[in-house]
Amino acid sequence: MKAWDAYVESAKIQMEQRLSPGNTFLWVDEEPERLARVRAGEIAVSPVGPQNPQKVPSGLIHDWVGSAFIAGVTLQDVLQVVRDYGQYKELYQPGVVDSRVIDTAETKDRFSMLLIHKSTFLKTALDADYESRYVHIDDRRIYSVSRATRIQEIDDYGSRAQRIVPEDEGKGIIWRLFSITRYAERDGGVYVELEAIGLSRDIPASLRFLVEPIVRRVSRASLSTSLRQTENAVRSRAELANGSTGSGRSSDPIVHGGAAPEALHLVHSSH
C-alpha cells in the first residue's frame, strides 16, 4: 500500500502547512464566496485534487472535503458531540449500527463503529476500529487526525449466512480510512471542516465512465449529510444544556472520545 501511505503522508504535510504564517487554517477561507455561503448556513463540499477518485495500483483513493458553520455554539459544545463515540449509533442513523469507546486520553482516543453498506442485492457491514489524535493550536482552533486501525467486512449482514471476512479481503468496499478535521470558533459560532480520504477497490475500466459520476454525486451528498447530522446533534445538545443551565454556553467538561464520521461518508460513496 505504498501509494496509500504516500498520499496520507502528503495530506498530513498539507495540514501542517496550514499552520504556517500567511496560510489559511480553514479551507473555506481560501475563497471569500465559499466562506460567505458556509457562513450563511450552506454546507460546502468538493473533491480534493484534479483527479478524484485517484487511481493507484489495485485501488482508488477517494478524497473529499466539506465545511459547515454552526452558529450560536462554542468549540466546547462541538467537541462534546464529536468526541462522544458511544452516541454515534444514535446520532448518525441509519448508517451507524453500533459504536463504542475503546480507550480515551487527553490527545488520543480509540473507538469502534459498525457501519451498514446496502446495495441492490446485498447488505454488507463494516466493522472497524479507529484512532484519533487531537492537536490544540490555541483556545479557538483544534484539528484532529483519524485513521482506521482495523477494517473487516461482514457479508450478508443480518442473515443466517453472515460471515466476517479477514482484513484486506472481501469486496473491497473500503480498505483504508483516514481523515483530518478542523475546528475553529469565530464569527459567533464554530466552523467544522472534514477531509475524508479512503481507499477502495478499483472500478473496472469498462464501467468507469458510468460509475464514477455516480460515486461523485453520492460522495458529495453523503458528506453533506454527515456534516448536517453533526450540526443538528450539536444544536440539540447545546439547547438542552442551555435549558438546564440558563446560559448561552455549555458548562459541562469536554468529553474525551470521538471524531467526525468520515467512515459514514466513504461507505456511502462506495454504493
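**Exercise 1. D156: buried, exposed or partly exposed?** Work out which class D156 falls into in this predicted model.

*Solution.*
- Start with the number: D156 has a relative accessible area of 32%.
- Next, the cut-offs: under 20% would be buried and over 50% exposed, with partly exposed in between.
- So D156 comes out as partly exposed.
- Now place it along the chain: D156 sits in the loop that links β7 (141–155) to β8 (163–164).
- Finally, check the backbone: phi of D156 is positive, about 50°, even though this residue is not a glycine.

**Exercise 2. Find where D187 lies and describe its backbone and its exposure.**

*Solution.*
- D187 belongs to the loop between β9 (176–186) and β10 (189–201).
- Its phi is about 55°, a positive value on a residue that isn't a glycine.
- For exposure, the relative accessible area of D187 is 39%.
- That value lies between the 20% and 50% limits, so D187 is partly exposed.

**Exercise 3. Track down the cis peptide bonds at P53 and P94, and say which loops hold these prolines.**

*Solution.*
- Take P53 to begin with: the bond joining N52 and P53 is cis, with omega at about 5°.
- P53 is located in the loop between β1 (44–47) and β2 (54–56).
- Then P94: Q93 and P94 are joined by a cis peptide bond whose omega is about -5°.
- The loop that holds P94 runs between α4 (88–91) and β4 (96–103).

**Exercise 4. Map the pairing of β7 with β6, β9 and β8, giving the direction and the number of bridges for each.**

*Solution.*
- Go to β6 (residues 123–138): 13 bridges tie it to β7, and the two strands run antiparallel.
- Look at the connection: β6 and β7 make a hairpin, with 2 residues between them.
- For a pair you can check in your viewer, A128 has I151 in β7 as its bridge partner.
- Move on to β9: it is joined to β7 by 7 bridges, again antiparallel.
- In that pairing, S144 stands opposite T181 of β9.
- Last comes β8, which has 2 bridges to β7 and runs antiparallel to it.
- Here D155 is partnered with R163 in β8.

**Exercise 5. Why can β7 be called largely enclosed?**

*Solution.*
- Count the buried residues: 11 of the 15 in β7 qualify.
- Because of that count, β7 is largely enclosed by the rest of the structure.

**Exercise 6. Repeat the burial count for helix α3, and list its buried residues.**

*Solution.*
- Helix α3 covers residues 75–82, which makes 8 residues.
- The buried ones are L75, D77, V78, L79, Q80, V81 and V82.
- That's 7 of the 8, so α3 is largely enclosed by the rest of the structure.
- Note that D77 and Q80 are on the buried list too.

**Exercise 7. Zoom out and summarise the protein chain: its secondary structure, burial, contacts and surface.**

*Solution.*
- Tally the elements: the chain has 6 helices and 10 strands.
- Then burial: 49% of its 271 residues count as buried.
- For contacts, keep those between residues at least 6 apart in sequence; 64% of them join residues at least 24 apart.
- As for the surface, the chain exposes about 12,800 Å², and 50% of that comes from carbon and sulfur atoms.

Terms used. Residues numbered from 1 in each chain as written. Predicted model: local features only at pLDDT ≥ 70, side-chain atom pairs only at ≥ 80, totals over all residues. Heavy atoms only, no water. Buried < 20%, exposed > 50% of the residue type's maximum accessible area, 1.4 Å probe, protein only. Helix = DSSP H or I, 4+ residues; strand = E, 2+ residues; numbered from the N terminus. Contact = heavy atoms within 4.5 Å. Areas by Shrake-Rupley, 256 points an atom, 1.4 Å probe, with all protein chains shown as cover. Pairing = 2+ DSSP bridges.
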